[in-house]
Every structure is written in C-alpha cells, then in structure tokens.
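What follows is a walk through one protein chain, going from its overall layout to its charged side chains and then to its backbone. Keep the coordinates open while reading.

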Amino acid sequence: MPRRIMFVQLKTGYDTDRGPSWIGWVDFSKTWSTAYFHGRTLRRAAGLYDANFHDVDTGEEFWVSGPKQDRTDTRYGPTRPEIEPDAARAYRAFLDGTPLPGRENG
C-alpha cells in the first residue's frame, strides 16, 4: 500500500479553508482512489465544491494533496497545519529541499 506525507484539511462545517489541517502520513489503496488517515477511510470524489475526498462513514469532505515547500497549503486559512510527530523529520527535510519519501523521482 503506497504511503505518502500529505496535507489533509477537513472542509465540512468550516468556511473556506478554515477547517483543521494536518501534515502527516496517508496510506493509499493500490488504485489511489482510497486514502486512510486518522482511522478514517476517505474515498476520492469528483464534483465536490472545495474537496477531493469524502469520509465513507460520515460524508465529511476533505482536501488531500501533497504539501507545498512554501507552506501555502491553506489558501485563506489563518493557521498552519498541525505536523504529525511521525512525519515531522521527513517534512522538515522536505522544507529544506529534500524530496518527500516516495517522490524522489518526481
């Protein structure tokens, strides 16, 4: 199962880009259509207004994407994402210019 450090933001119940967000490890299905994060099963969904995944149990919508080196992951959000402790070292190295694990070749 592919595993990547990703930016994840909860969209449901919050104004544009104001939901809680995290930088952490996300496990993906072989087809990349399902993501597993914080004990949730997130399924890729097209046609959502400001999200690209939804929780299969709760219907909550999420934005899942690769983190940005310039730390502009939230477009309008007032706070930075919470960095998951088990991803912190690799994320700091990424901010210093090292490719993220699993993305060494692009």
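**Overall layout**

The secondary structure of this protein consists of one helix and seven strands. The model is a predicted one. Read from the N terminus, the elements follow the order β-β-β-β-β-β-β-α. The radius of gyration is 13 Å, close to the 13 Å that the globule rule gives for 106 residues, so the protein is as compact as a globular protein of that length. The C-alpha trace spans about 35 × 35 × 25 Å along its principal axes.

Of the 106 residues, 39% are buried. Among contacts with a sequence separation of 6 or more, 50% are between residues 24 or more positions apart. The protein exposes about 6300 Å², and carbon and sulfur atoms supply 48% of that area.

**Charges and salt bridges**

The protein carries 15 positive and 15 negative charges, and the mean positions of the two sets are 4 Å apart. How many salt bridges are there? The count comes to four.

One of them pairs the side chains of lysine 11 and aspartate 50, with an N to O distance of 3.1 Å. This pair links distant parts of the chain: lysine 11 is in the loop between β1 and β2 (21-28), while aspartate 50 is in the loop between β4 (40-44) and β5 (53-55), and the two are 39 residues apart. The cut-off for a buried residue is under 20% relative accessible area. Lysine 11 has 11% relative accessibility and therefore counts as buried. Aspartate 50, at 17%, also counts as buried.

Arginine 40 takes part in a salt bridge with aspartate 55, where the closest N and O atoms are 2.6 Å apart. Here too the pair links distant parts of the chain, with arginine 40 in strand β4 and aspartate 55 in strand β5, 15 residues apart. Aspartate 55 is buried, at a relative accessible area of 3%, whereas arginine 40 is partly exposed, at 25%.

Arginine 40 also meets the side chain of glutamate 60 in a salt bridge, at 2.7 Å from N to O. Glutamate 60 lies in the loop between β5 and β6 (61-65) and arginine 40 in strand β4, so this pair ties together parts that are 20 residues apart in sequence. Through shared partners, salt bridges join Arg40, Asp55 and Glu60 into one network.

**A buried glutamate without a salt bridge**

Glutamate 84 sits in the loop between β7 (82-83) and α1 (88-95). Which side chain of opposite charge is nearest to glutamate 84? It is arginine 3, at 8.7 Å; glutamate 84 is buried yet has no salt bridge. The salt-bridge rule asks for a side-chain nitrogen of Lys or Arg within 4 Å of a carboxyl oxygen. Setting aside residues up to four places away in sequence, glutamate 84 touches Trp22, Ile23, Gly24 and His38.

Arginine 3 itself belongs to strand β1 (residues 3-10). Its relative accessibility is 41%, so arginine 3 counts as partly exposed. Leaving out neighbours within four places in sequence, arginine 3 is in contact with Trp25, Val26, Asp27 and Asp86. Arginine 3 and serine 29 are 26 residues apart in sequence, and their C-alpha atoms are 9.1 Å apart in space.

**Backbone angles**

Most residues other than glycine have a negative phi. Histidine 38, one of the residues that glutamate 84 touches, has a phi near 55°, a positive value. Histidine 38 lies in the loop between β3 (34-37) and β4, and at 44% relative accessibility it counts as partly exposed.

Arginine 71 has a positive phi too, near 65°. Where does arginine 71 lie? Its place is the loop between β6 and β7. Arginine 71 is partly exposed, with a relative accessible area of 37%.

How values were computed. Residues are numbered from 1 along each chain as its sequence is written. This is a predicted model: local features need pLDDT of at least 70, side-chain atom pairs count only at pLDDT 80 or more; totals for chains, interfaces and linings use all residues. Side-chain values use heavy atoms; hydrogens and water are left out. Helices (H or I, at least four residues) and strands (E, at least two) are DSSP runs, numbered from the N terminus. The radius of gyration is taken over C-alpha atoms; the globule rule is 2.2 Å times the number of residues to the power 0.38. Buried means under 20% relative accessible area, exposed over 50%, partly exposed in between (1.4 Å probe, protein chains only). Contact means heavy atoms within 4.5 Å. Accessible areas come from the Shrake-Rupley method with a 1.4 Å probe; for residues, only the protein chains shown count as cover. Lys and Arg count as positive and Asp and Glu as negative; His and the chain ends are not counted. The place of a charge is taken as NZ of Lys, CZ of Arg, CG of Asp or CD of Glu.
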